[in-house]
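Q: Could we take a close look at one part of this model together? I would like to follow the nonpolar interior and the sheet beside it.

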Amino acid sequence: MSEVLLDLVDIKKSFGDVEVLKGISLGIHKGEFITLLGSSGCGKTTTLRIIAGLETPDSGKVLLDGKDITDMEPHKRDVNTVFQNYALFPHMTVAANVGYGLKIRKVPKETIASEVEKALQLVQLPGYDKRMPSELSGGQRQRVAIARAIVNHPQVLLLDEPLGALDLQLRRQMQLELKRLQKKLGITFIYITHDQEEAINMSDRIVVMNEGVFEQIGTPDEVYNTPKSSFVARFIGNANIITCQRDGRAVTLAVRSENILINDPDNCPYTATVLEKSFAGGMLRVVLRLQSGEEIVASRHGINIKTEVGETVHTGWNPEHAVEVEE
Amino acid sequence: MKNRTKLPNIYLGVILVIMYLPIVLTVFYSFNESKISSIWGGFSLKWYEELMGDRDLKEALRNSLILAALSCSASAVIGTLGAVGMSRIQSKSKGIVEYISTIPIMIPEIILGMVFLAFFSLLGLPFGMTTLVLAHTTFCIPYIFMMVKARLIGMDKSLEEAARDLGASPVRAFFDIVLPLIMPAIASGMLLAFAMSFDDVVISIFVTGPKTNTLPIKIYTKMKTGVTPEINALSTVILVVTVFLLFLSSRIKKKQK
């Protein structure tokens, strides 16, 4: 895990007047599953396209295995992409789609046929080789797109929100399958998503992106439990961001909603009014307004918060659950 | 109130009769036994037989076919390259260039014909098949250009990127992915261009030489001595060919959707 395979060095990119990437740097290890997590427009797709060679950065470098590939054309890079909309060639069969990369590299026909079969088996679509993309369901197209990329055994596989168009159940299943596939093949995966659950489930490391910068890079555990900035705390796990005084200076704290206490005998120095109560996804959410005017959210599994809207309650949190973050 | 709903249908009927009656009459009289157009002398195919025996006409037909084939092929290459090239440019002048490229359709044919005549004599080109092909190619390009452009707009850009990503050079990606996908548009544009070239009179008259006759020119010159039933037969043949080509073109266009 220690060997850096892909190195992004201070990459900047603008489209017109909009600076999409503001100098990002990242070393990605061999065999790592790394996720770029951020909302739309944060620059994650642009980062991926720069690694694939479909965009050229304005400044900075991309190194693959120590070699500078910043200006190398996409077809010469040992990197393959699974596109967001799959981008299957509509006029080719599944087999021709999957075998396209091998055919270009002039691999003998028999080898292509057996490699394609193996790849289709890996994505659990054996026997689909003669179908046309239009005859497949969304999930099946997704698998073909993955097979088409992994059949080339690239050093790095880029996945641009590959599960975005699938329904929730299929998405969960594909998450597990992708993770399993990545372990089995040992290929470095760079994965893009805006779904924090997906990122936490699959990644070795998560890169949280916001407005063209990397806010935090760390393991799922690190970004979840010790967010560096208020953005990360909010984006991963919907934490409350609270400003308060500590040792005579203003600090910003992130406290996850499940750790907000209500009418607890200890640790409840604040008075708050209950604004709202709602139940969703097995969780009861209570919105509280502190005397400072700040609103915070408390949540519990089940419906075990005994308060009513309009009531005044005491609230607070156990100090060990509060993480100090940058504003 | 009932009359009101009928009125549009009557209007439509009148318009259709006015538009298509001459065509129907031409086809009808081409099977007329009598030599005088206005008198019906019974059904006959003799004008078609006469047509088959006319050497001049055969020569003209051959010229027309060669001309249409050459100019629609040349315009297919130029029009396709133009549309593909334009789809990759992101510049402010793009709109203007696209507009200029389609202007030959809008300029009156007689003006185009005169312009070609003046230009070719300035260059000192020998008038004949060469000048015909050059002129026809020019006015056929917009048809291909517009068809291919429309297809490219609807095409997913990431398909080509996917090919590049899988190791295809730009040229390879074009031939493997882009070309097969825009082929229906090229084919339908070519059929349209073929039909346009095949029945063009005005431009052809200006740019042809003394020895090269195309079928429409032949008809036009024959007409000077009055409408003979033979012309009716010839017009019917051209009509059938043109309608068939346009039908094919629209079929291909429908299929690609």
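Which residues have the most contacts inside the largest nonpolar core?

A: Happy to help! This is a predicted model, where local features need pLDDT of at least 70, side-chain atom pairs count only at pLDDT 80 or more, and totals for chains, interfaces and linings use all residues. Residues are numbered from 1 along each chain as its sequence is written, chains are lettered from A and ligands numbered from 1 in the order in which they are written, and side-chain values use heavy atoms, leaving out hydrogens and water.

A:F89, A:Y100 and A:I190 have the most contacts inside the largest nonpolar core, which has 85 residues. Such a core is a set of buried Ala, Val, Leu, Ile, Met, Phe, Trp, Tyr and Cys residues joined through side-chain atoms within 4.5 Å, and buried means under 20% relative accessible area (1.4 Å probe, protein chains only). Helix α8 (residues 170–198) of chain B gives the largest share of this core, 12 residues; helices are DSSP runs of H or I with at least four residues, strands runs of E with at least two, numbered from the N terminus.

Leaving aside neighbours within four places in sequence, A:I190 is in contact (heavy atoms within 4.5 Å) with residues including A:L6, A:I34, A:L36 and A:V156.

Now to the strands. β3 (residues 33–37) and β8 (residues 188–193) of chain A run parallel, joined by 5 bridges; strands pair if DSSP finds at least two bridges between them. A:T35 stands opposite A:Y191 of β8(A). The open sheet has 6 strands in the order β6-β7-β8-β3-β9-β10 (chain A), with mixed pairing. At its edges, β6 (79–82) and β10 (213–218) of chain A each have a single partner strand, so one side of each lacks a neighbour in the sheet.

Technical notes. Buried < 20%, exposed > 50% of the residue type's maximum accessible area, 1.4 Å probe, protein only.
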